[in-house]
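Thanks for sharing this one. Here are my notes, set out as numbered points so that you can follow along with the model open.

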Amino acid sequence: VTDPLERLELELSSLRPRPPAAELIERIGAAVENAAPSPWPDRCLAAAMLSGALAACVIVAMFVAQPSVSAPAQTAVAAGPQSSQIKAYSQLLTRAGDQWSGALK
Amino acid sequence: MRRPELSDPAESWRQCLRLHGAALLLFARQWSTTQADAEDAMQNGFVKFWKTRDRARDPLAYLYACVRSAAMDLGRGRRRRSLNEQAAARPESSLFDPPLERTERQALIESALAQLPGDQREVVVMKIWGGLTFAQIAATLRIPLNTAASRYRYALARLGTELAEVARD
């Protein structure tokens, strides 16, 4: 090794940084174990959320499908004008009948 | 290249600390006012790393980034960065082993290292004692690879000059 910077690099590498104290390692260990992600509860939560979402989809689908079931009600509403028309026709016929009967007399 | 164990046996965090603990503590020390702050930063950074390590593209770079960010957060809460650099320039105890047999040369190196600007010093610590590649250093600091390499070269040149001047005196 001839380059002075390489020599310096080697010299620096030969120095060993002080390792963390055992107390610090224990402290970190305790913190890591308390903070360790627990996969099973997470999976249970994910499964619960998924089934909730599925249930919500089913409910929404049922609501969406409902208008076709209530079609007769719409027909009944639609029948409203028809029945009033029939009423009007019969009134006209009655009046016309009176006129015809008058004319015939 | 040494890498943290990412399989999840109970002892793996311990093994990871055994491999990287000393360099991480030295790295945290670069941005901390006191050794106690550096230890807190290392703890916070390591715990954050451990919880989220699965998302890391490069675990070693991510580990250093977590510790750096924790040290910065702690430092921000207490003092400004410039004050931290000044404090880091006056270590209260030796940064290297064995402190009891600290040679004059070792003291000179520590002193010269402390004189470096923070951004150069952290690159030296990561490269020499952390064993990170320039690509990993660049990822840790979110700087271009060439910048990481040039900071390292400037730092070594400056250290060399500093040590040569002291030796001449």
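How many residues of chain B are in contact with chain A, and how many residues of chain A do they meet?

1. Let me start with that count, bearing in mind that this is a predicted model. On the chain B side 35 residues take part, and they are in contact with 23 residues of chain A. The area buried between the two chains comes to about 2,700 Å². Carbon and sulfur atoms give 69% of that area.

2. Next, a few words on chain A by itself. Its secondary structure amounts to four helices and one strand, and along the sequence these follow the pattern α-β-α-α-α. Chain A has 105 residues, of which 10% count as buried.

3. Now to the charged pairs. Over all chains, a search of the whole structure turns up six salt bridges. Across the interface of chain B and chain A the rule finds three. You may like to display the pairs described in the next points one by one.

4. Glu11(A) and Arg105(B) are a good place to begin: their side chains meet in a salt bridge, at 2.5 Å from N to O.

5. Arg14(B) and Glu26(A) also form a salt bridge, and their closest N and O atoms are 3.2 Å apart. This pair crosses between chains, running from helix H1 (residues 12-29) of chain B to helix H2 (residues 22-35) of chain A. Are the two partners buried or exposed? Neither label fits: Arg14(B) is partly exposed, with a relative accessible area of 23%, and Glu26(A) is partly exposed as well, at 43%.

6. Helix H2 of chain A also carries Arg27(A), which pairs with Asp40(B) in helix H2 (residues 35-52) of chain B, again crossing between chains. The closest N and O atoms of this salt bridge are 3.0 Å apart. Asp40(B) counts as partly exposed at 27% relative accessibility, and Arg27(A) counts as partly exposed at 27% too.

7. Within chain B, please look at Arg151(B) and Asp119(B). They form a salt bridge whose closest N and O atoms are 4.0 Å apart. Arg151(B) lies in helix H8 and Asp119(B) in helix H6, so the pair ties together parts of chain B that are 32 residues apart in sequence. Asp119(B) is partly exposed, with a relative accessible area of 27%. Returning to the charged groups of point 6, salt bridges that share partners join Glu23(A), Arg27(A) and Asp40(B) into one network.

8. How do the two helices of point 7 pack, and at what angle? Helix H6 (residues 118-129) and helix H8 (residues 145-168) of chain B pack at about 95°, and their axes are 8 Å apart. H6(B) and H8(B) are therefore roughly perpendicular to each other. On the H6(B) side the contact is made by Asp119(B), Gln120(B), Val123(B), Val124(B), Lys127(B) and Ile128(B). H8(B) brings Ala148(B), Arg151(B), Tyr152(B), Tyr154(B), Ala155(B) and Arg158(B). The residues of this contact divide into seven nonpolar, one polar and four charged. Both partners of the Arg151(B) and Asp119(B) salt bridge appear among the contact residues.

9. Last, helix H7 (residues 134-141) of chain B. Which of its residues are buried? They are Gln136(B), Ile137(B), Ala138(B), Thr140(B) and Leu141(B). H7(B) is followed by Arg142(B), and you may want to check the backbone there, as the phi of Arg142(B) is positive, near 55°.

Note on methods. Residues numbered from 1 in each chain as written. Chains lettered and ligands numbered in written order. Predicted model: local features only at pLDDT ≥ 70, side-chain atom pairs only at ≥ 80, totals over all residues. Heavy atoms only, no water. Axes fitted to C-alpha atoms, helices over the stretch in contact; angles between N-to-C directions. Parallel < 35°, antiparallel > 145°, perpendicular 65-115°, else oblique. Contact = heavy atoms within 4.5 Å. Nonpolar A, V, L, I, M, F, W, Y, C, P; charged D, E, K, R; others polar. Buried < 20%, exposed > 50% of the residue type's maximum accessible area, 1.4 Å probe, protein only. Buried area = accessible area lost by both parts, 1.4 Å probe.
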